Amino acid sequence: MMDNTSKKLDGSRIAAEIRAEVAAEVAALGEQEVIPRLDAVLVGGDPASMVYVGSKAKTLAALGMESQTHRLPETTRQAELEAVVDDLNADPEVDGILIQLPLPEAIDTASILRRVDPAKDVDGFHPENVGLLQQGRPRMVPCTPAGIMEMLRREEIEIAGRRAVVVGRSDIVGKPMAMLLLHAHATVTICHSRTRDLAAVTRQAEILVAAVGVRSLIGPEHVGEGAVVVDVGMHRITDRETVERLYPGNEKKIAAFEKRGAVLAGDVDFAHVLPKAGRITPVPGGVGPLTIAMLMANTVAAAKTRRE
Ligand code: NAP
């Protein structure tokens, strides 16, 4: 039996490995005078989006890549945003385009995502890339599920023939996750807000992916003995009582809370699920860093493919 520490799937460490590989590829491309470039489009001033875009730009720079952020006001019209996307599509220097979501309500998000050149669609949200993934011919795969698959592969977690349950059916995480697991020969079930007796379904999972957006929804009653639990959720907890309830006796968490006034938690009630799980991703330090690492990998892949 594994002790609780070695059960943790260390997303930060695996992400660092992926980043190092990406940096080596960037260096090799540099010898051919190619510097991969990822441009982000940020509409409005959503503070979380600004943080995400800033941290992506920093990582790109650290790996030797270029990036530009195109900041547009909240009042930007559809046609103006389309013109920005068209310019980036046409710019031969730009390898990847990232439309930071959510866009303001007045914008038709699906139509903007369709407008991005599929060859530069590093998020894998364009219908052409979604279709290729569905057909088992993946080109650009959404970064979060791609990162989870990379982690399972590197940790030598068997997928073929196993029962996988994905909670959540978003286009960004749940659906592509289920598709990737299916192509890796798992027997896949997708759950959502209309699923009856969620715990009875998730308890069957040998691999359980929670991408729900509801803090601590997945408790020990949802998890079968020895399951691999992957937590995609990301929530800020800003009250001490909740931190103490979620992490009983965890002095480190309380100290982190006192220092920063908040701690992050996932869709899984980590401390209470840990004794039951076979392996489990923590939040933070699990899926989050893998997502950013895969964005970097997708950008390099786009830079290479466009020049083939
Ligand atoms: P989303 O678009 O809100 O989708 C949530 C899904 O969960 C929906 O399919 C919804 O069902 C389902 N759901 C909601 N409540 C449920 C319940 N009580 N029981 C069962 N299913 C339920 O969210 P998302 O974009 O996939 O993101 C999910 C979470 O992951 C969020 O916390 C987000 O912040 C986080 N996230 C993290 C990363 C990362 O890098 N770590 C990346 C992306 C997202 P319906 O379809 O029926 O509404």
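**Close-up views of a predicted model**

**View 1. The largest pocket has a volume of about 1,300 Å³.** Its lining counts 42 residues, and Tyr52, Gln100, Thr144, Met234 and Thr291 are the closest to its centre. The model shown here and in the views below is predicted. Several elements of the fold take part in the lining of this pocket. The helices α3, α7 (143-154) and α13 each give at least two residues. So do the strands β3 (96-99) and β8 (235-237). By class, the lining of the largest pocket holds 25 nonpolar residues, 12 polar ones and five charged ones.

**View 2. The ligand sits in the largest pocket.** How many residues surround the ligand? The number is 21, and the closest are Arg169, Ser170, Ser193, Val232 and Thr291. Helix α13, which spans residues 287-306, supplies three residues of this shell, the largest share. Thr291 is among the residues closest to the ligand, and Thr291 is also among those closest to the centre of the pocket. By class, the shell has nine nonpolar residues, 10 polar residues and two charged residues.

**View 3. Backbone atoms of the protein lie beside nitrogen and oxygen atoms of the ligand.** At histidine 192, a backbone N or O atom is 3.4 Å from a ligand nitrogen. At valine 232, a polar backbone atom lies 3.4 Å from a nitrogen atom of the ligand. At methionine 234, the partner is an oxygen atom of the ligand, 3.3 Å from a polar backbone atom. On its own, the ligand has 920 Å² of accessible area, and the protein covers 68% of that. Val232 also appears among the residues closest to the ligand. Met234 is one of the residues closest to the centre of the largest pocket.

**View 4. The largest cavity holds about 70 Å³ of space.** Rolling a probe the size of a water molecule over the atoms shows where empty space is left. The structure has three cavities of 30 Å³ or more. Which element supplies the largest share of the lining of the largest cavity? Helix α3 does, with four residues. At least two lining residues come from each of β1 (37-43), α3 (47-62) and β2 (66-72). Among the residues of the lining are Leu38, Ala40, Val53, Lys56, Ala57 and Leu60. Ser67, Gln68, Thr69 and Leu98 also line this cavity. The classes are six nonpolar, three polar and one charged. Helix α3 also supplies at least two residues of the lining of the largest pocket.

**View 5. The second largest cavity holds about 60 Å³ of space.** The lining includes Ser216, Asp231, Leu246, Tyr247 and Ala265. Gly266, Val268, Asp269, Phe270 and Val283 line this cavity too. Six of the lining residues are nonpolar, two are polar and two are charged.

**View 6. Proline 102 and proline 284 each follow a cis peptide bond.** Most residues other than glycine have a negative phi, and most peptide bonds are trans. The bond from leucine 101 to proline 102 is cis, with omega near 0°. Proline 102 is in the loop between β3 and α5 (109-115). The bond from valine 283 to proline 284 is also cis, again with omega near 0°. Where is proline 284? Proline 284 is in the loop between β10 (279-280) and α13. Val283, at the start of this cis bond, also lines the second largest cavity.

**View 7. Glutamate 156 has a positive phi.** The angle is about 55°, although this residue is not a glycine. Glutamate 156 lies in the loop between α7 and β4 (163-167). Helix α7, on one side of this loop, gives at least two residues to the lining of the largest pocket.

Notes:
Residues numbered from 1 in each chain as written. Predicted model: local features only at pLDDT ≥ 70, side-chain atom pairs only at ≥ 80, totals over all residues. Heavy atoms only, no water. Near = heavy atom within 4 Å. Polar contact = N/O pair within 3.5 Å; in protein donor to acceptor, adjacent residues only side chain to side chain. Areas by Shrake-Rupley, 256 points an atom, 1.4 Å probe, with all protein chains shown as cover. 1 Å grid on protein atoms, 1.4 Å probe; cavity = no way out; pocket = protein on both sides within 12 Å on 5 of 7 lines; lining within 4 Å. Sits in = over half its atoms within 2 Å of the grid points. Nonpolar A, V, L, I, M, F, W, Y, C, P; charged D, E, K, R; others polar. Points joined across faces, edges and corners; volume = space filled by probe spheres on them.
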